[in-house]
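Colleague: Please take one single part of this predicted model and go through it closely, starting from the terms I need and then setting that part in its surroundings. I would rather have one connected account than a list.

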Amino acid sequence: MNKKYLLLTGIIIALGIGMLFMPQRDTDKQLRPEMLLAAIDDPSRFLSTDDITDRLVKQDPALLLIDVRSKEQFNTFEVPGAINIPVDSLLSAPAREIIGQKAKDKVFYSNSDVTSDQAWILCKRLGMERIYVMQGGINTWFSTIVKAVKPVETASVEEINLYQFRSAACQHFFGNSETKTEVATSTKKAVTVTKKPAGASSGGGC
Amino acid sequence: MVGPLIPMGVIPETWNNVIALLLGAGFGFSLEASGFSSSRKIMGTFFGYDFVVLRVFFTAAITAMTGIIYFDYMGWMDASMLYINPYYVMSAIIGGIIMGFGFALGGFCPGTSFTGVAIGKIDAMFFSAGLFIGVFIFSELYPLFEGIYNSRNLGGVKIYDLLGMRETVFGFLLILAAIGMFYGATFVEKKVKKVEY
């Protein structure tokens with residue numbers, strides 16, 4: 001047997017034995033109950049529908065909206081740009097890969113914020129970071145953004161600005177219903193061509 | 001400096017392809033230098049007269065593994081940031097069978113066939129052409145295979161987690177297994193009739 005090989009074998013076995021004496025790393029990445037409780041107590045996970053809408057309009061690439069309702073509900077109506085991960089498939093490998101992305105702010109929403117908050121707690125416990133919940137869910141989003149109520153004329157500047165932002169955002173997502181109808185009627189206008197009778201002389205001139 | 005260098009932002013992301021090209025060239029050079037461009041050498045593994053493939057790849061595996069475990073322990077790199085390919089069970093099994101069949105039939109694996117092409121081996125050229133035809137057929141028929149291809153994704157699993165073992169214990173056992181195989185291979189090589197190539 002070649003002496004060189006015996007030396008190399010000795011080195012790698014020594015390194016292998018050295019490994020056995022390394023302290024065990026904490027491979028369990030789940031959050032400890034005390035830390036989870038502190039995180040649940042902290043309301044900063046709730047993002048308002050206005051904040052989210054603002055980032056959607058500005059097309060913030062770091063924002064990832066996740067609809068945790070069922071596929072049927074998602075297909076009926078969704079916040080533009082959202083992806084669908086039903087809460088029962090939240091632990092599947094593809095879903096964990098999506099939610100585990102470190103460079104994105106993942107925002108859960110459901111009809112209210114109950115199911116989405118449950119999804120948040122589950123993901124928080126799995127040690128995922130940068131996850132949030134849309135406050136009030138899609139119902140609040142619909143009533144504040146899509147069905148924004150026009151404030152009275154004596155309302156404060158802030159209220160009027162907020163209303164203008166909300167209706168502008170709604171136009172951004174769904175277009176303006178008024179301009180749509182205008183365009184529709186104007187294109188219908190037929191162009192009528194009046195032909196001169198064949199025998200008619202051109203009036204005036206030579 | 002703490003690694004992995006690119007995910008940590010020590011080296012900008014844009015250098016990724018340049019580094020990949022350099023590493024690829026180095027890999028090709030070492031393959032050719034250790035004789036992997038010869039299909040006869042590779043076939044030695046199946047016939048028992050030359051186990052260099054087994055030795056090279058297991059040496060690479062245990063060296064890299066020992067390096068990662070020690071670097072992580074020293075705090076020179078964060079092993080949890082390493083990208084681990086997701087494990088698609090069905091794709092791995094079916095792909096493994098096809099790959100193994102092609103390997104035994106052609107005497108090359110994809111990487112070694114390119115080193116063969118680089119030094120002008122005609123059988124390697126045919127093998128590489130077949131490889132591209134296979135890629136073309138797979139791409140064209142992708143909708144047919146899509147279901148199987150994407151099924152049973154277990155994510156980036158680690159074998160010692162599946163076995164419920166500490167990673168260092170698994171590492172130690174793998175080193176022992178590799179050394180056992182190296183000596184076993186030498187024993188078989190001595191028994192089998194020498195092939196001149």
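Modeller: A residue is called buried here if 20 or more other C-beta atoms lie within 10 Å of its own, exposed if 12 or fewer do, and partly exposed in between. With that in hand, the part I would choose is strand E5 of chain A, residues 131-134, and everything I say about this strand is read from a predicted model.

Let me begin with the burial of the strand. In a regular strand the side chains alternate between the two faces of the sheet. In E5(A), Ile131(A) and Val133(A) lie on one side while Tyr132(A) and Met134(A) lie on the other, and as all four are buried, both faces of the strand are covered. For comparison with the chain as a whole, 18% of the 206 residues of chain A count as buried.

The next thing to ask is where E5(A) sits in its sheet. The sheet is an open one of five strands, paired in parallel and ordered E1-E5-E4-E2-E3 in chain A, which places E5(A) between E1(A) and E4(A). The edges of the sheet are formed by strand E1 (46-47) and strand E3 (83-84) of chain A, each of which pairs on one side only.

On the side of E1(A), the pairing with E5(A) is parallel and consists of two bridges; here Val133(A) of E5(A) has Phe46(A) opposite it. On the side of E4(A), E5(A) is held in a parallel arrangement by three bridges. Two of the partners there can be named: Ile131(A) of E5(A) is the bridge partner of Lys106(A), and Tyr132(A) of E5(A) is that of Val107(A).

The neighbour E4(A), residues 105-109, deserves a word of its own. Four of its five residues are buried, so E4(A) is largely enclosed by the rest of the structure. Beyond E4(A), the sheet continues to strand E2 of chain A, residues 63-67, which runs parallel to E4(A) and is joined to it by five bridges; within that pair, Phe108(A) of E4(A) stands opposite Ile66(A).

The connection between E4(A) and E5(A) involves a helix. Helix H6 of chain A, residues 114-125, packs on the sheet and touches both E4(A) and E5(A), and the direction of this helix makes about 170° with that of E5(A). Taken together, E4(A), H6(A) and E5(A) form a β-α-β unit that is right-handed. This unit belongs to a chain with nine helices and five strands, whose elements, read from the N terminus, follow the order α-α-β-α-β-α-β-α-β-α-β-α-α-α.

One residue from outside the sheet is worth relating to the start of the strand. Gly100(A) lies in the loop between H5 and E4 of chain A, and although 31 residues in sequence separate Gly100(A) from Ile131(A), their C-alpha atoms are 9.4 Å apart in space. In contrast to the buried Ile131(A), Gly100(A) counts as partly exposed, because 16 C-beta neighbours lie inside 10 Å of it. Contacts between residues 24 or more positions apart make up 64% of those in chain A that have a separation of 6 or more.

Following the chain onward from the strand, one comes to helix H7 (residues 137-146) and helix H8 (residues 157-174) of chain A, whose axes come within 8 Å and cross at roughly 105°. H7(A) and H8(A) are therefore roughly perpendicular to each other. Thr144(A), Ile145(A) and Val146(A) make this contact from H7(A), with Arg166(A), Ala169(A) and Cys170(A) from H8(A); by class, four of these residues are nonpolar, one is polar and one is charged.

Finally, the partner chain should be mentioned for context. Chain B has nine helices and zero strands, and 14% of its 197 residues are buried. The contact between the chains draws on 14 residues from chain A and 15 residues from chain B. In chain A, the elements that give two or more residues to that side are helix H1 (3-20) and helix H5 (93-99), with H1(A) providing the largest share, eight residues. The side of chain A that touches chain B comprises nine nonpolar, three polar and two charged residues.

Terms used:
Residues numbered from 1 in each chain as written. Chains lettered and ligands numbered in written order. Predicted model: local features only at pLDDT ≥ 70, side-chain atom pairs only at ≥ 80, totals over all residues. Contact = placed C-beta atoms within 7 Å. Nonpolar A, V, L, I, M, F, W, Y, C, P; charged D, E, K, R; others polar. Pairing = 2+ DSSP bridges. Axes fitted to C-alpha atoms, helices over the stretch in contact; angles between N-to-C directions. Right-handed = clockwise from strand over helix to strand, strands pointing away. Parallel < 35°, antiparallel > 145°, perpendicular 65-115°, else oblique.
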